[in-house]
Amino acid sequence: MGIALVRALLLLSGMAALSESAHSGGERDDKAVYEAVCGSCHPTSLAGGLRSEREWKETIAAMVRLGAAATEEEFARVLRYLVRTQTKVNVNSATAKEIASVLDISETSAKALVARRTEKRGFRTLEDLKEAPGVEASKIEARKDRIVFR
Ligand code: HEC
C-alpha cells in the first residue's frame with residue numbers, strides 16, 4: 001500500500017470517529033473550514049453537486065491524494081459540512097447512521113425509520129417518511145431534494 005493511501009485511510013477512520021462526536025462547533029465554523037480547505041486549489045463550486053456520504057468520503061480521499069492538506073479535525077468538519085448540506089441519501093438502502101446525519105435526526109429515530117422501512121417493504125413517497133414516528137415532517141420537507149427512494 002502506498003503512503004498516500006495509508007494516510008487517506010487513517011484520515012477516513014479519524015473522520016468517522018470525529019463525526020461520532022458531531023454537534024460540537026457550529027455549522028458556520030464547518031463552512032469556513034470547508035471553504036478554506038476545499039477552496040485552496042479550485043473554487044468550491046467544483047464540488048457543488050449532491051453526492052452520497054460514501055462518495056464524499058471517496059472524493060475527500062482523492063483530494064488528499066492530490067495534495068489537499070488539513071488536520072483530521074478539519075477534514076471531519078469538511079465531511080460534516082458536506083453531509084449536512086450537499087449529501088443525498090437513499091432512504092431505502094442507507095444505514096441508520098447515514099440517514100441520521102443527512103436528515104439531522106437522532107440515531108434512535110433513524111433506527112426506528114429503518115425498522116419501519118423493513119415493515120413496509122420500503123418507502124415510496126415523502127409522506128411515508130413524514131408519517132414515521134420520531135421524524136419531524138419539516139426536516140423531511142427541507143431536505144426533499146436530497147432524499148431518493150431508489
Ligand atoms: C491540493 C489541491 C486540492 C485541494 C486542496 C482540493 N482539491 Fe478538489 N481537485 C483538485 C484537482 C487537481 C482536481 C482536478 C483533478 C480531478 O478531477 O481528479 C480536483 C477536482 C475536484 C472535484 C471534481 C472531480 C470529482 O471528483 O468529481 C471535486 C468534486 C473536488 N475536487 C472536491 C474537493 C473537495 C471536497 C475538497 C476539500 C476536501 C477539495 N476538492 C480540495 C485539487 C484539490
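## Walking through a helical model

Arg-121 is exposed, with 76% of its relative area accessible. Everything here comes from a predicted model, so read the values as computed from that prediction. Arg-121 sits in the loop that links helix 6 to helix 7 (126-130). Its backbone has a quirk too: phi is near 55°, a positive value in a residue that isn't glycine.

Where else does a residue that is not a glycine have a positive phi, of about 60°? Asp-104 is the one, with phi of about 60°. Asp-104 belongs to the loop between helix 5 and helix 6. Unlike exposed Arg-121, Asp-104 counts as partly exposed, because its relative accessibility is 32% and that class covers the range between 20% and 50%.

**The overall layout**

Let's zoom out. The protein chain carries eight helices and two strands. In sequence order, the pattern is α-α-α-α-β-α-α-α-α-β. The chain has 150 residues, and 37% of them count as buried. Its accessible surface adds up to about 8600 Å², with carbon and sulfur atoms accounting for 54% of that. What share of the contacts between residues at least 6 apart in sequence joins residues at least 24 apart? The figure is 63%.

**The core**

In soluble globular proteins, nonpolar side chains tend to be buried together. Here, the largest nonpolar core contains 33 residues, and Ile-99 and Leu-113 have the most contacts inside it. Helix 2, helix 3, helix 4, helix 5 and helix 6 (107-119) each put in at least two residues. Which helix supplies the largest share of this core? That would be helix 4, with six residues.

Both of those well-connected residues turn up again as contact partners. Take Ala-110, in helix 6. Is Ala-110 buried or exposed? Ala-110 is buried, because its relative accessible area is 0%. Setting aside residues up to four places away in sequence, Ala-110 touches Ile-99, along with Ala-96, Ala-100 and Ile-105.

Leu-113 shows up in the surroundings of Val-135. This valine is found in the loop between helix 7 and helix 8 (137-142). Despite its place in a loop, Val-135 counts as buried, since a relative accessibility of 10% falls under the 20% cut-off. Beyond residues up to four places away in sequence, Val-135 touches Leu-113, Ile-105, Leu-129, Lys-130 and Ile-140. Ile-105 is thus on the contact list of Ala-110 and also on that of Val-135.

**Pairs across the sequence**

Here are some C-alpha to C-alpha separations for residues discussed in this report.

| Pair | Apart in sequence | C-alpha distance |
|---|---|---|
| Ala-110 and Ala-96 | 14 residues | 4.9 Å |
| Val-135 and Ile-105 | 30 residues | 7.1 Å |
| Glu-98 and Lys-88 | ten residues | 9.7 Å |
| Thr-71 and Val-37 | 34 residues | 9.8 Å |

Two residues in the table still need placing. Glu-98 is part of helix 5 (residues 96-103). What does Glu-98 contact once its neighbours within four places in sequence are left aside? Glu-53, Arg-54 and Val-89 are its partners. As for Thr-71, look in the loop between helix 3 and helix 4. With a relative accessible area of 43%, Thr-71 is partly exposed, the class that Asp-104 also falls into.

**A pocket worth a look**

Rolling a probe the size of a water molecule over the atoms shows where empty space is left. The second largest pocket holds about 320 Å³ of space. Helix 2 (27-38), helix 3 (53-65) and helix 4 (72-85) are the elements that contribute two or more residues to its lining. Which of the helices gives the most to that lining? Helix 3 does, with four residues.

In total, 18 residues line the second largest pocket, and those nearest its centre are Cys-38, His-42, Ala-47, Thr-59 and Met-63. How do the lining residues divide into nonpolar, polar and charged? The split is 13 nonpolar, four polar and one charged.

Helix 2, helix 3 and helix 4, which help line this pocket, are also among the helices that supply at least two residues each to the largest nonpolar core.

Note on methods: Residues are numbered from 1 along each chain as its sequence is written. This is a predicted model: local features need pLDDT of at least 70, side-chain atom pairs count only at pLDDT 80 or more; totals for chains, interfaces and linings use all residues. Side-chain values use heavy atoms; hydrogens and water are left out. Buried means under 20% relative accessible area, exposed over 50%, partly exposed in between (1.4 Å probe, protein chains only). Contact means heavy atoms within 4.5 Å. Accessible areas come from the Shrake-Rupley method with a 1.4 Å probe; for residues, only the protein chains shown count as cover. On a 1 Å grid over the protein atoms alone, a cavity is a set of points where a 1.4 Å probe fits but cannot get out, and a pocket is an open set with protein on both sides within 12 Å along at least five of seven lines; lining residues have an atom within 4 Å of a point. Grid points are joined across faces, edges and corners, and a volume is the space filled by probe spheres set on the points. Ala, Val, Leu, Ile, Met, Phe, Trp, Tyr, Cys and Pro count as nonpolar, Asp, Glu, Lys and Arg as charged, and the others, Gly among them, as polar. A nonpolar core is a set of buried Ala, Val, Leu, Ile, Met, Phe, Trp, Tyr and Cys residues joined through side-chain atoms within 4.5 Å.
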